[in-house]
Amino acid sequence: MHLEGARQVANWANLSTPVGLLVARLGGGSVVRAPRGIWVATHVRSPLLRAHALTLGSVVLTPHSADWLQQRPRLQAHEERHAWQYVVCFGLPMLPMYAVAAGVSWVWCRNPGTRNPFELLAGLADGGYPVTPAQARARYADRRTRRGARA
């Protein structure tokens, strides 16, 4: 069995992939098989999905089209690394662990990914995150300035 097959089996057994497929269906997404043992759910509408992509088990959820995701191979690789993290974390326990890590990263540098170990291991630049705390804080300050200008 190839490594991707082992990841698939583990993420089905730890229930993270079935939960990902359920979230995709509840969010009105279209699910297709992708290479390397990944499922891709496109056009997903969910309050959980605040980023360009979110991985649950071996399911990558995105509010965008399949073409949009295919044009971003680095993001696909980033999300595939998250699928492996579900294996290591025994599935769904990754969700609260990720939430705590994102919260600590937010407090530290005003970005949920920049100092989040899950995002660091998946590749910050590949996921579109600012790489340093200073970049993250600058992006946060810029967003706040733009919001203030609109008010």
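The exercises below, each with a worked solution, concern aromatic rings, a strand and a core in a predicted model.

Residues are numbered from 1 along each chain as its sequence is written, and side-chain values use heavy atoms, without hydrogens and water. Because the model is predicted, local features need pLDDT of at least 70 and side-chain atom pairs count only at pLDDT 80 or more, whereas totals for chains, interfaces and linings use all residues.

**Exercise 1.** Find how many aromatic pairs the structure holds, and classify each by its geometry.

*Solution.* Rings of Phe, Tyr and Trp (its six-membered ring) pair if their centres lie within 6.5 Å; planes under 30 degrees apart count as stacked, over 60 as edge-to-face and the rest as tilted. By this rule the structure holds two aromatic pairs. The ring centres of Tyr98 and Phe118 are 5.8 Å apart with planes at 40°, so this pair is tilted. Tyr98 belongs to helix H5 (residues 94-109) and Phe118 to helix H6 (residues 117-122), so their pairing ties together parts that are 20 residues apart in sequence; helices (H or I, at least four residues) and strands (E, at least two) are DSSP runs, numbered from the N terminus. Next, Trp106 and Tyr140 make an edge-to-face pair, 5.2 Å centre to centre and with 90° between the planes. Trp106 lies in helix H5 and Tyr140 in helix H8 (residues 133-150), so here the parts tied together are 34 residues apart in sequence.

**Exercise 2.** Decide whether Tyr98, Phe118 and Trp106 are buried or partly exposed.

*Solution.* Buried means under 20% relative accessible area, exposed over 50% and partly exposed in between (1.4 Å probe, protein chains only). Phe118, at 12%, is therefore buried, while Tyr98, at 23%, counts as partly exposed. Trp106 is partly exposed too, with a relative accessible area of 32%.

**Exercise 3.** Describe the surroundings of strand E2 by its pairing partners and its burial.

*Solution.* Two strands pair if DSSP finds at least two bridges between them. Strand E1 (residues 30-34) pairs with E2 in the antiparallel sense over five bridges, and E4 pairs with E2 in the parallel sense over three bridges. Within E2, Trp39 stands opposite Arg33 and also opposite Val59 in E4. Ile38, Val40 and Thr42 point one way from E2, Trp39 and Ala41 point the other way, and all are buried. Five of the five residues of E2 are buried, so this strand is largely enclosed by the rest of the structure.
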